[in-house]
Amino acid sequence: MPNNRLNGRPKMPQRTVQERIRDFDEVPLGLEKWAAIEEAKRCLQCKKPSCMKGCPVEIDIPGFIGLLAQGKIDEAVMKIKEKNSLPAICGRVCPQEEQCESLCVLGKKGQPIAVGYLERFLADYEREQGIDLQKMPTQNGKKVAIIGSGPAGLTCAGDCAKMGHKVTIFEALHSAGGVLIYGIPEFRLPKAIVAQEVDYVKSLGVELELSVVVGKTLTFDDLLQDGFKAFFIGTGAGLPHFMNLPGENLNGIYSANEFLTRSNLMKAFRFPEYDTPTKVGRRVSVIGGGNVAMDSARTALRLGAEEVCLVYRRTKKEMPARIEEIERAEEEGINCIILTNPVRFVGNENKWVTGIECIQMELGEPDESGRRRPIPVPGSEFVIPADTVVVAIGQGPNPLLLETLPELKLNKRGYIEANEVTGATSIPGVYAGGDIVTGAATVISAMGAGKKAARAIDDYLKNKS
Amino acid sequence: MVKIIKKEVLTPQIKLMVIDAPRVARHAKAGQFVIVRINEEGERIPLTIADFDSEKGTVSIIFQEVGKSTIQLGELNEGDHITDFVGPLGKEIEEKNFGHVVCVGGGVGIAPIYPKAKVLKKLGNRITSIIGARSSDLLFWEDRMQSVSDALYVTTDDGSYGEKGFVTSVLDRVIQKEKIDLVIAVGPLMMMKMVSLLTKKYELPTLVSLNPIMVDGTGMCGCCRVTVGKECKFTCVDGPVFDGHSVDYDELLARQRNYLEEEKRAVENWLMKKAEEGVHHAK
Ligand SMILES: Cc1cc2nc3c(=O)[nH]c(=O)nc-3n(C[C@H](O)[C@H](O)[C@H](O)COP(=O)(O)OP(=O)(O)OC[C@H]3O[C@@H](n4cnc5c(N)ncnc54)[C@H](O)[C@@H]3O)c2cc1C
Ligand SMILES: Cc1cc2nc3c(=O)[nH]c(=O)nc-3n(C[C@H](O)[C@H](O)[C@H](O)COP(=O)(O)OP(=O)(O)OC[C@H]3O[C@@H](n4cnc5c(N)ncnc54)[C@H](O)[C@@H]3O)c2cc1C
Ligand code: SF4
Ligand code: FES
């Protein structure tokens, strides 16, 4: 397939709508080698590269792009991996348009360098060529426990291992990866890629214990007794929020977490080959406007829904989802019902949802988030018919582990209070990072936090002798 | 991976397994449950911890074969392995001396009522137990319940054993006769609803152990939500034991029916696949 160009920047080839909405295979296909090299050549190799300021893990962006421009693919990959051990994931899900790419000087007049596409190209190329994995670092025997195997935990584990510590990751679910496995769908982030990145971390000598709920299966005291000297908590923000509206427990109403977990982690899209079912009606409404809502809507479509709409209380401009993902969702026929907020769920005598009563909204003055505040228009109630509803309005901190650690200081919203530079918490030797500190954020910021904490853990263990 | 070290067929459809799971056994308490996933394709199903031995590191589960996962679990034997066995999950029951506690167990609910009766008995409570089943061949653990109860009543719906009728009629009689401090009921949702309606009349504190459909069992998905009082609770982390008088049973009954068609399809599909494999083996 030819790579179309848009003001010099390559357009990502992707599968046609008709083809992609019938299965869960990946939608964007990745750049071809010639296109990637050509794009890399467009980079100005700035002396003071502004793009790097936008990267939470400080990848040497001109460095790797320069190597790629010279066709030195292996070296380019290694350049990225100096800072980022999960490039195939970041190349797919990072909001580059808000980070590195938004700061690229070329963006001032024309189109910024497609940094994300290039990162993905290199990571995929490496994987396909099977470049060999890391040599096992020598271990000094200091035991570090990582709780949670999301991007924060994986990054912290990998970095701690590279510094010679003996690392074990404990994960509550039966698969490693956190949201990368249970939340983000296959068609956006193939699970085989996540598995491969997890294998890479394991190749560094990291042990992985699945199906262990820290706080329940093992307590902190157990871990201390087992000789763990430092801890990293990367348990994410996995508690689904509901709207607390009448009728919300009707059958057919899912939290996005449940809907996506059934499909991704439990492989409900392959039911009955896999045992976990999921129920998708003819008309699906997804409430929300973030990445989670987009993923839910597009999943519903692939599970056989005829009509899928997104119900969002502001306008498309304020939607927190990545622009590319909103575009892809719309291409696939997902209908955005904007300036609309649910007030009540309607059901039939069997307690199945039949619709959402909504009220129209208009935008008022900006609120603390800087976005204009939505205000209900009195008397504008109407019903959107729906036989499946997915509530995707956000997540909070899961209290399961936190309840067992009363000494751990939390902030007003219930997230862990951690030092921004080191991840240190109120308990010496216990570090935290990712969504459990910041609230729902991004893969790369979770990784950034894992990285910083690894450095601090290393210092802590050295000083502790 | 955990190993099945003992299997016992309690009734044709109810089986007991003793699992080698030291980590789960170490922290297990009465009232808690585990999540079991049989193999890679399996679903995550919740089962109560029916008994545990922290020294030997074992956990007992008892399950009724009602659908694909439980039938398939029932086909496994001593020495076989189960892919995932996560726990102990949920909150334990309050362990103290209440005085006179009536433990009501219906059907497979006898399994989860046993550890509760056992621990409360140890703490000095007087235990009256009422256990019931549809028919005598569905009844198990009468002896075990006997061993932790000061008085034991047995009922069957069809009168094939013990007293003919429902556990609620015996409970009503006990209430008339004796002072009761707490009622704990575990069994089919309809039974827990009937018990709660009855004890509500007498304003007797009542605890029930709910069994909604679950996925993760760690508070991450919200599938197990129930309305208790006016609040939405997640059974897996806030429960599974709740005040019986505050539960919205009708909502929960409807939520349990969510996947009836799919579950039926799962069993049919699986039986067909097994039959095909059987043909291959015969050749
Ligand atoms: C549907 C969806 C789509 C998203 N899309 C994007 C995107 O396109 N781009 C982007 O940058 N970000 C996206 N995000 C956000 C991003 O995924 C998160 O910010 C990131 O995963 C947070 O990483 P984490 O390591 O902090 O936590 P998580 O990924 O949440 O991982 C936490 C892990 O800890 C485990 N755990 C929790 N408690 C315990 C315990 N007690 N014991 C053991 N283990 C425990 C959990 O099971 C989980 O595996 C999306 C999020 C969702 C839900
Ligand atoms: C905290 C908890 C503890 C439990 N403890 C036990 C136990 O000790 N022993 C035991 O036999 N069962 C127990 N259950 C119920 C058990 O989880 C279900 O019987 C099991 O999930 C059914 O799986 P299946 O695939 O075999 O049947 P399915 O095909 O999934 O279901 C068959 C039938 O059971 C209903 N059903 C499905 N899931 C549940 C559920 N979670 N609870 C009640 N009905 C359900 C379905 O509506 C359907 O009618 C418990 C449930 C919970 C939530
Ligand atoms: S700012 Fe843009 S042009 Fe400059 S180095 Fe970074 S990617 Fe290249
Ligand atoms: S089973 Fe998922 S929240 Fe309880």
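In these legends, Ala, Val, Leu, Ile, Met, Phe, Trp, Tyr, Cys and Pro count as nonpolar, Asp, Glu, Lys and Arg as charged, and the others, Gly among them, as polar. Everything shown here belongs to a predicted model.

**View 1. The shell around ligand 3 in chain A.** Welcome to the first close-up, where the surroundings of ligand 3 have 8 nonpolar residues, 1 polar residue and no charged ones. Four cysteines belong to this shell: Cys43(A), Cys46(A), Cys51(A) and Cys104(A). Leu44(A), Pro62(A), Val105(A) and Ile113(A) are also there, along with Ser50(A).

**View 2. The residues around ligand 2 in chain B.** Here 23 residues surround ligand 2, and the closest are Pro46(B), Gln64(B), Thr70(B), Asn211(B) and Gln256(B). By class, this shell divides into 13 nonpolar, 7 polar and 3 charged residues. Which elements of chain B each supply at least two residues of the shell? They are the strands β4 (45-48) and β6 (58-64) and the helices α2 (68-74) and α9 (260-282). Among the contributors, β4(B) gives the most, with 4 residues.

**View 3. Polar atoms beside the oxygens of ligand 2.** Moving in on the ligand itself, you can find an oxygen atom of ligand 2 at 2.6 Å from a polar backbone atom of Gln256(B). The backbone of Gly67(B) also takes part, with a polar atom 3.1 Å from an oxygen of the ligand. For Glu263(B), the partner is instead an N or O atom in the side chain, 2.9 Å from a ligand oxygen. On its own, ligand 2 has 850 Å² of accessible area, and the protein covers 86% of it.

**View 4. Where chain A meets chain B.** How many residues does each chain bring to the contact? Chain B brings 47 residues and chain A brings 45. Between them the two chains bury about 3,900 Å², with 51% of that area on carbon and sulfur atoms. Look for Arg23(B), Met220(B) and Arg225(B), which supply 18% of the area that chain B buries against chain A, more than any other three residues.

**View 5. Two domains named in UniProt records.** An unreviewed UniProt entry lists residues 142-450 of chain A as "domain: FAD/NAD(P)-binding". Over that stretch, chain A is 26% helix and 25% strand, and the C-alpha atoms at its ends are 18 Å apart. For residues 1-95 of chain B, an unreviewed entry gives the annotation "domain: FAD-binding FR-type". This part of chain B is 14% helix and 46% strand, and its end C-alpha atoms are 31 Å apart.

Key:
Residues numbered from 1 in each chain as written. Chains lettered and ligands numbered in written order. Predicted model: local features only at pLDDT ≥ 70, side-chain atom pairs only at ≥ 80, totals over all residues. Heavy atoms only, no water. Near = heavy atom within 4 Å. Polar contact = N/O pair within 3.5 Å; in protein donor to acceptor, adjacent residues only side chain to side chain. Areas by Shrake-Rupley, 256 points an atom, 1.4 Å probe, with all protein chains shown as cover. UniProt positions renumbered as here; feature names shortened; annotations may be inferred. Contact = heavy atoms within 4.5 Å. Buried area = accessible area lost by both parts, 1.4 Å probe.
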